[in-house]
Amino acid sequence: EAGTPQQLELGMHQGVLHGYGRILAVPHAWEGEALQRSGANFGGSVQLPHVRWNVHSAYQEFSGTWAGFHTTQLQWNKGPWSVNTRGLWHENNHFFRGNLHVQYTNGSHTLGIRQQYKQRAADQLHGWGMQYTWNTGQGQWATTLNKLGDRWTWRSQGSIAIRGLLFQGQGAYSSLSKDRWFYQLSISKT
């Protein structure tokens, strides 16, 4: 009980594998003096030419009770395609969140699709979204459409430069807002 804080750190790098770990033990007598409480962090990654996978776990001690959360992310990129998936699990709150994002790029055009999932105890929330972007030498245009639970949102924005003038505009809609529609247009001299 009267000892001093102790820390152990480990690291590993072996080809495509990376790993780390840290354990911190803070005796109760030191809790008023230490910036951190007792905890542990572990994680690692695998890095290949087109794939990267990361995992991380963390535990923190609060008044004799341990709380833990875990994250993971998997990325795949090849040519015009990109896939990114993430997950988060918080043990004590029974909370899970997951995302999947797929994107395709062809020249100045990009199309993305996203899937979302959240769960806290028995409550579940699903959602999805789409995004399209077009970039040109003189301007850009982007639009997004999202649904999360009962809520729908849409947003579109763009800009173009013509003869020293910059035209910018955007519009948006949200199904649960009091003022559902929003528009804005601006012109400025470049």
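In this predicted model, β12 runs into β13 by way of a hairpin with 6 residues in the link. The two strands pair in the antiparallel sense, with 9 bridges between them. One of the bridge partnerships here puts L166 opposite S188 of β13.

On its other partner, β12 (residues 165-174) does much the same kind of thing: β11 and β12 are antiparallel too, over 10 bridges. S156 has G171 of β12 as its bridge partner. The hairpin of β11 and β12 has 2 residues between the strands, and R163 takes a positive phi there, near 50°.

Now for the aromatic side chains. The structure holds 7 aromatic pairs. In the pair made by Y173 and W181, the ring centres sit 4.8 Å apart and the planes meet at 50°, so this one goes down as tilted. The bounds behind that label are 30 and 60 degrees, with stacked pairs under the former and edge-to-face pairs over the latter. Y173 and W181 don't stand alone, either: ring pairs tie them together with W154 and Y183 in a cluster.

Some of these aromatic residues turn up again at the surface. W154, W181 and Y183 belong to a nonpolar surface patch of about 790 Å², along with L111, I113, M130, L145 and W152. Which strands each supply at least two residues of the nonpolar patch? They are β8 (109-120), β11 (151-162) and β13 (181-189). So two of the hairpin strands described above, β11 and β13, are on that list because each meets the two-residue mark, and β8 joins them.

L111 is a handy patch member to look at up close. This leucine lies in strand β8, and its relative accessibility comes out at 37%, so it counts as partly exposed. The window for that class runs between 20% and 50% relative accessible area. As a bit of background, side chains in a regular strand alternate between the two faces of the sheet.

Away from the patch, A67 gives a view of another strand, β5 (residues 65-78). Leaving aside residues up to four places away in sequence, A67 touches A58, Y59, Q60, F62 and N92. How far apart are the C-alpha atoms of A67 and H90? The separation is 8.1 Å, for two residues that are 23 residues apart along the chain.

Conventions:
Residues numbered from 1 in each chain as written. Predicted model: local features only at pLDDT ≥ 70, side-chain atom pairs only at ≥ 80, totals over all residues. Heavy atoms only, no water. Phe/Tyr/Trp six-rings, centres within 6.5 Å; stacked < 30°, edge-to-face > 60°. Patch = residues over 30% accessible without salt bridge, like charges linked within 9 Å, V, L, I, M, F, W, Y side chains within 5 Å. Areas by Shrake-Rupley, 256 points an atom, 1.4 Å probe, with all protein chains shown as cover. Salt bridge = Lys/Arg side-chain N within 4 Å of Asp/Glu carboxyl O. Helix = DSSP H or I, 4+ residues; strand = E, 2+ residues; numbered from the N terminus. Buried < 20%, exposed > 50% of the residue type's maximum accessible area, 1.4 Å probe, protein only. Pairing = 2+ DSSP bridges. Contact = heavy atoms within 4.5 Å.
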